[in-house]
Amino acid sequence: MLSLLMFGSFTYFLVFHYGALAGNVIAFKDYVPFDGIWGSAWVGGDNFQRMLQDEDFWHSVVNTLLIAVLQIVFYFPVPLALALLLHSLTWGTVRRFVQSVAYLPHFVSWVIVVALFQQVLGDTGMVNGILGDAGLSTVDIIGNPDAFKPLVVAQVIWKDAGWGTIIFLAALSQVDEQQFEAAAIDGAGPWRRFWHVTLPAIRPVIVLLLIMRLGDILSVGFEQMLLQRDAVGPEAAEIIDTFVYYQGVVGGDYGYAAAAGLFKGVIGALLVYAANKVAHRLGEQGVYK
């Protein structure tokens, strides 16, 4: 029965994830849809050579890395802090209400999220309306390229921080309460209980999630960036995913776009492998042994 239940998910991943990897062969071809994958001319590493010499591609890589680093530094700790706050609530009704409110933005599409931020922080948004009524100068945060990267990190925090607490809450629920009681009896305050009891107990989960995040470091939100790219321009908002989209889907240069996408996947795999090795050297289990 369990095998039957797993069959659908197994088939989905086999066909649409692993089977689709065969399509990466177009990165080595001058792919023309009418000729098909096998009928298109083989160009070897020409697409990769062109990619490495393309300033626009490297600009998208730099933008992607900057946003990814900002997300790791400012977003990654937020779900942990929120989970610790929720775990400390003893009143069940309040805890469930706060959890529900925190989870809700995750189920809102990026179209709605961007529209909400536009209504609040846009040129004609609520904040500028208040500033204008007060006789102060207005500022268009949404359309400001310099403010774009901190803005998208704030959007991710608002949308997904609550959802990210689920795994941390599950880890915190496994911490032995007697350890907290023993530490309190020994005179340990809240900070020492966190540092010497809570953090060691959930450290494997933190390491696991950090490694997985590093593997996905070059994916910083295609829909989110695409929806706001025109407002601030490609100089500020072009990432690898939007570069692939505009080169392939819009421009029709499918082989070149596939080469950029394959580059992204290989770098992600190498980061996971390297981070996992570092975790093993530090005594952690990591993603795999």
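These notes walk through two helix packings and two pockets in this predicted model.

1. **Helices α11 and α15.** A good place to start is the pair formed by α11 (residues 190–215) and α15 (residues 254–281), whose axes lie 7 Å apart and pack at an angle of about 155°. Angles over 145 degrees count as roughly antiparallel, so α11 is roughly antiparallel to α15. The crossing of the two helices is right-handed.

2. **Who touches whom in that pair.** On the α11 side, the contact is made by V207, I211, L214 and G215. Their partners on α15 are G268, L271, V272, A275, N276 and A279. Sorted by class, the residues of this contact are seven nonpolar and three polar, with no charged residue among them.

3. **Helices α6 and α9.** Next, have a look at α6 (residues 92–103), which packs against α9 at an angle of about 130°, again with an axis separation of 7 Å. The two helices are therefore oblique to each other. From α6 come R95, Q99, A102 and Y103, and they meet G162, W163, T165, I166 and L169 of α9. This contact divides into five nonpolar residues, three polar and one charged.

4. **The largest pocket.** Now for the empty space: the largest pocket holds about 780 Å³. Its lining counts 27 residues, and L21, N24, G261, K264 and G265 are the ones nearest its centre. Two or more lining residues come from each of α1 (2–18), α14 (240–250) and α15. Which element gives the largest share of this lining? That is α15, with nine residues. So the helix you met in the first point, packed against α11, turns up here too. By class, the lining has 16 nonpolar, eight polar and three charged residues.

5. **The second largest pocket.** The second largest pocket has a volume of about 640 Å³. Of the 21 residues that line this pocket, Y75, V156, D160, R213 and D216 lie nearest its centre. The elements giving two or more residues to the lining are α4 (55–75), α9 (145–172) and α11. Helix α9 provides the largest share, seven residues. In this lining, 12 residues are nonpolar, six polar and three charged.

6. **Tying it together.** If you want a path through the model, follow the helices that appear twice. Helix α11 packs with α15 and also lines the second largest pocket. Helix α9 packs with α6 and gives the second largest pocket the largest share of its lining.

How values were computed
Residues are numbered from 1 along each chain as its sequence is written. This is a predicted model: local features need pLDDT of at least 70, side-chain atom pairs count only at pLDDT 80 or more; totals for chains, interfaces and linings use all residues. Side-chain values use heavy atoms; hydrogens and water are left out. Axes are lines fitted to C-alpha atoms, for helices over the stretch in contact, and angles run from 0 to 180 degrees between N-to-C directions. Helices (H or I, at least four residues) and strands (E, at least two) are DSSP runs, numbered from the N terminus. Angles under 35 degrees count as roughly parallel, over 145 as roughly antiparallel, 65 to 115 as roughly perpendicular and the rest as oblique. A crossing is left-handed if the near helix is turned anticlockwise from the far one by less than a right angle, and right-handed if clockwise. Contact means heavy atoms within 4.5 Å. Ala, Val, Leu, Ile, Met, Phe, Trp, Tyr, Cys and Pro count as nonpolar, Asp, Glu, Lys and Arg as charged, and the others, Gly among them, as polar. On a 1 Å grid over the protein atoms alone, a cavity is a set of points where a 1.4 Å probe fits but cannot get out, and a pocket is an open set with protein on both sides within 12 Å along at least five of seven lines; lining residues have an atom within 4 Å of a point. Grid points are joined across faces, edges and corners, and a volume is the space filled by probe spheres set on the points.
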